[in-house]
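This briefing goes through one protein chain, topic by topic. Keep the sequence and the structure in view while reading.

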Amino acid sequence: MVERVVVGPWKTNCYIYSSSKKECIVIDPGGDETEIASRVDVLNMVPVGIALTHGHVDHVAALGRLRASYASRGYSLKIAIHSADRKFLGTSGRETHRESLEFLDSEAWSFFGMESMELPRADVKLSEGDRVFGMDLVVLETPGHTPGGVCFYSEKEGVLFSGDTLFFDGHGRTDLPGGNEKKLRESFRKKLSVLPPETRVFPGHGPFTTIEREKRSNDFLQEPPPAPAHPEPPKQEPKKTPSRKRTVKKSARARPSAKKAAPARAKDGKPRLRKPVKASPRKTSKPKRARSAPKRAPSRPQKPRRAKGTRARARAPSAKRRARAAR
Ligand SMILES: [Fe+2]
């Protein structure tokens, strides 16, 4: 059984849900706690808890007053919210709401009566797969609108309470503090697109819809187009530049003089490869060869060669002289 009550200045959909004949839960009491309680009484039910799809003020504004009214009648209502949205409740709640409301509208603070609003602490921390207050509702973590945004899904009843995650022809905004469009798209893809198409969706604002309808018209639920081949060409281009550096490195390593020059440059904190590779190997190698050449020349015993020549030349005329002298 699903009963809707539109509450508060921003026309929030508060739901009364029951999978039994006696007990129910209240989802997102964003205002008008008297109207909510009277509707529960008409249904002849007793609420066992309050479940929140997320912590925004238009979904929690009547939280304290509703719980207090039932407490006066002898009923203790527990409050359940995802742990990532607990900061909207308790002592930190007022400041957390101030960030969002100042971003949205300066008058919203007074619209919701934030100065006197009671924000009780959460009693139950929700996480993926939890059953909500013993009902056949299961928690689907759908962050993106807020960090702790969730949907409540009943496979048995074929219903989804989507909060501000999924709307008729739309989705929750992601520009408020804590919002994240990438995460919201991921939530749609992983959690909502896999639900049966006939699932009836009860959003936090606006009219009802179904998963099948939103898959046809909602861009967040439509299959993304196949990825174009754009990423490949840009990847090939940057590969060329490192390949040049690698060839430079190899050539530098091939020259033994470059290895000696690199550590000296590294002490100055400069790159080791670029400057030593181009300049130092040529400067250091050539002078060494030039210097070693003249050292070897005088060390070689060339005097005997010259001496041989000179001696041969000297011996020839001396023989002639001797011949002449003999003649
Ligand atoms: Fe919201």
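Which residues of helix 6 (residues 181–192) are buried? They are Leu-184, Ser-187, Phe-188, Lys-191 and Leu-192. A residue is called buried if 20 or more other C-beta atoms lie within 10 Å of its own, exposed if 12 or fewer, and partly exposed in between, with C-beta atoms placed from the backbone. Helices (H or I, at least four residues) and strands (E, at least two) are DSSP runs, numbered from the N terminus.

This is a predicted model, in which local features need pLDDT of at least 70 and side-chain atom pairs count only at pLDDT 80 or more, while totals for chains, interfaces and linings use all residues. Residues are numbered from 1 along each chain as its sequence is written.

**Overview and confidence**

- The chain has 327 residues, and 34% of them count as buried.
- Its secondary structure comes to 12 helices and 13 strands.
- Two residues are in contact if their C-beta atoms, placed from the backbone, lie within 7 Å. Among contacts between residues at least 6 apart in sequence, 61% join residues at least 24 apart.
- pLDDT is the predictor's confidence in each residue, from 0 to 100. The chain averages a pLDDT of 80, and 68% of the residues score at least 70.
- The pLDDT is below 50 over residues 247–288, a stretch with 29 contacts in the model beyond near neighbours in sequence.
- Residues 306–314 also have a pLDDT below 50, and this stretch has 0 contacts beyond near neighbours in sequence.

**The nonpolar core**

- A nonpolar core is a set of buried Ala, Val, Leu, Ile, Met, Phe, Trp, Tyr and Cys residues joined through C-beta atoms within 7 Å.
- The largest such core has 57 residues, and those with the most contacts inside it are Ile-25, Ile-27, Ile-36, Ile-50 and Phe-152.
- Leaving aside neighbours within four places in sequence, Ile-27 touches a set of residues that includes Cys-14, Tyr-15, Ala-51, Phe-152 and Phe-161.

**Helix 6 and helix 3**

- The buried residues of helix 6 cover an arc of only 110° around the axis, which puts them on the same side of the helix. The arc is that of the directions from the helix axis to the C-beta atoms.
- The face of helix 6 turned away from this buried side carries the exposed residues Lys-182 and Lys-190.
- Strand 7 (138–141), strand 10 (166–167), strand 11 (170–171) and helix 7 (211–217) pack against the buried residues of helix 6.
- In helix 3 (residues 63–72), the buried residues are Leu-63, Leu-66 and Arg-67. They fall within an arc of 95° seen down the axis, so they line one face of helix 3.
- The cover over the buried residues of helix 3 includes strand 3, helix 1, strand 4, helix 2 (57–60) and strand 5.

**Strand pairing**

- Two strands pair if DSSP finds at least two bridges between them. Strands of a sheet pair through backbone hydrogen bonds, either parallel or antiparallel.
- Strand 1 (residues 2–7) and strand 2 (residues 12–17) run antiparallel and are joined by 6 bridges. Val-6 stands opposite Asn-13 in strand 2.
- Strand 3 pairs with strand 4 in the parallel sense over 5 bridges. From strand 3 the chain crosses through helix 1 to strand 4, and this β-α-β crossover is right-handed. Right-handed means that, with the strands pointing away from the viewer, the path from the first strand over the helix to the second runs clockwise.
- Strand 4 also pairs in the parallel sense with strand 5 (residues 78–82), over 3 bridges. The bridge partner of Ile-50 in strand 5 is Ile-79.
- Strand 4 is largely enclosed by the rest of the structure, because 5 of its 6 residues are buried.
- An open sheet of 5 strands has the order 7-8-9-12-13, with mixed pairing. Its edge strands, strand 7 and strand 13 (209–210), each pair on one side only.

**Positive phi angles**

- Most residues other than glycine have a negative phi.
- Asp-28, not a glycine, has a positive phi of about 60°. It is found in the loop between strand 3 (23–27) and helix 1 (33–42), and is buried, with 27 other C-beta atoms within 10 Å.
- Asn-44, also not a glycine, has a positive phi of about 60°. It lies in the loop between helix 1 and strand 4 (46–51) and counts as exposed, with 8 C-beta neighbours inside 10 Å.
- Gly-74, just after helix 3, takes a positive phi of about 95°.
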